[in-house]
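Work through the exercises below with the model open beside you. Try each task before you read its solution.

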Amino acid sequence: MTSSHDALYRAICAHPDEDTPRLAFADLIEENGEPRRAAFIRTQITLARLPVYDPGWVSVRQHDPDAATGWCMTEQLPKPPPPGCEWTRFEFRRGFPWKIGVLSLTAFLESGDAVFDTAPIQAIDLDQRDRPDLASLAEWPHLARLHRLTFSTGWFDPADIARLAESPHTSNITELGFEFESISPEGLSTLAAAPLFNRLKALELSSNAFPPALLIDALGAARGSGALSRLSLPNNRVGRNDAEALFRLPALQDLQHLDMSDNPLAGEGIRDLAESGIVRGLRTLHLSRTRPGGPGVKALTEAGGLAGLRMLDLSNNALGPAAVRAVAACGGFRGLRVLNLSNNYVRDSGAVSLAGSSALAGLLELDLCETDIGDTGALALAESPHLNHLIRLDLRTRAGRGFSDTARAALTERFGDRVSL
């Protein structure tokens, strides 16, 4: 390594929020024979400035998906990892490792700021066999260098959460995640009532076994939405009887991104979402495995205020052609850029409806993977007068059931490398 290389890397670690040293590093390594890594850094820096439904993101998902995940750069993960850490739950942002997994919080804290000399780390994912000591974490001065904390174990109670929320070192924490029984309902209520909650931009609560009513009551302790724009609640058993109370909580009223995947909302729950007014501010909405059925899709498509919605995920819902026709006919979806209908029963008639929809003319990405579409549907998509802006069309099947040569040729002629077959 050259002295310039080392100096730039140290600058990146010392100033993780700045892009200038990262871009200078990319220029240097390209000159030294690493064009692939340099391009990766520049691409991720560009993506960090864009919403996930921007053409730049869609193009990367189609042509270079590893550039989004960082899996193509695993050889660049520093080895060995810092004490108490591992790279099994890593994440790259803006070209460099951003998140690291922590197996032993004690060893991690004892190593001081060593992790920040290794990479521009701003997030840790605590997943250990023994319960993390939040009091020690709250007292750690280097906590101020982190933006995100994710906990996978612990069952933290109010006293634990209060210690973290009251820490003077959490001023830069804007994202929190709790999964797999890592927080108690009482602990979540303490968090929702704390000033820290008002500073959060993103909150993820996934795969918790306590009753949904307790989840809703806990979030109800928040006096308002604060800065919260992104809420992820996957796999929390939120059902039709819980939806109305959840979607009317003050904490949810200013959301731009909502993920309710893997919750049995059913048609009634989706109707409550549609009628709550939350959808008026949403840019992305994930409803995979929520069992909306035809009535739920109908309620969503008839809701007002959908003009700002840019990404909609309805995958894995066993939806049939009638529900797909309702989506295709919805004038409120004119702003959609990304639509995921994968693993539904779209079939040929549903594909014909999508192909004929002028309301979906703005789509950049259409995921129809595993949707039982045959040649008739494929040819309709290839001949659509509306799908002129597609950057990504996914028609793949795991079983490998392909289209005829005629259908394949028509799709390829229309979409080129923008279609996946």
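Two strands pair if DSSP finds at least two bridges between them. Helices (H or I, at least four residues) and strands (E, at least two) are DSSP runs, numbered from the N terminus. This is a predicted model: local features need pLDDT of at least 70, side-chain atom pairs count only at pLDDT 80 or more, and totals for chains, interfaces and linings use all residues. Residues are numbered from 1 along each chain as its sequence is written, and side-chain values use heavy atoms, with hydrogens and water left out.

**Exercise 1. Place strand β4 among its neighbours.**

Task: Find which residue of β4 is the bridge partner of I124, and find how β4 and β5 run.

Solution.
- Step 1. Start with strand β3 (residues 123-126), which pairs with β4 in the parallel sense over four bridges.
- Step 2. Look up I124: its bridge partner in β4 is L149.
- Step 3. Turn to β5, which runs parallel to β4 and is joined to it by four bridges.
- Step 4. Find F151, which stands opposite F178 in β5.
- Step 5. Follow the chain from β4 through helix α9 (residues 158-165) to β5; this β-α-β crossover is right-handed (with the strands pointing away from the viewer, the path from the first strand over the helix to the second runs clockwise).
- Step 6. Check both faces of β4. R148 and T150 lie on one side, L149 and F151 on the other, and all are buried (under 20% relative accessible area; exposed is over 50%, partly exposed in between, with a 1.4 Å probe and protein chains only).

**Exercise 2. Classify the ring pairs of F151.**

Task: Decide whether the pair of F151 and F178 is stacked or edge-to-face.

Solution.
- Step 1. Recall the description: a pair of aromatic rings is given by the distance of the centres and the angle of the planes.
- Step 2. Note the rule. Rings of Phe, Tyr and Trp (its six-membered ring) pair if their centres lie within 6.5 Å; planes under 30 degrees apart count as stacked, over 60 as edge-to-face and the rest as tilted.
- Step 3. Search the whole structure: there are eleven aromatic pairs.
- Step 4. Take F151 and F156. Their centres are 5.2 Å apart with 80° between the planes, an edge-to-face pair.
- Step 5. Take F151 and F178. Their centres are 5.4 Å apart and their planes are at 20°, so this pair is stacked.
- Step 6. Locate the partners: F151 is in strand β4 (residues 148-151) and F178 is in strand β5 (residues 175-179), 27 residues apart.
- Step 7. Check burial: F151 and F178 are both buried, and F156 is buried as well.

**Exercise 3. Describe the surroundings of I41.**

Task: State where I41 is placed and which residues I41 touches.

Solution.
- Step 1. I41 is in helix α3 (residues 35-48).
- Step 2. Its relative accessible area is 0%, so I41 is buried.
- Step 3. Leave out residues up to four places away in sequence. I41 then touches R22, F25, A26, I29, R94, G95 and F96 (contact means heavy atoms within 4.5 Å).

**Exercise 4. Pack helix α18.**

Task: Name the buried residues of α18 and what they pack against.

Solution.
- Step 1. In α18 (residues 375-382), the buried residues are G377, A378, A380, L381 and A382.
- Step 2. These buried residues pack against α17 (347-355) and α19 (405-415).
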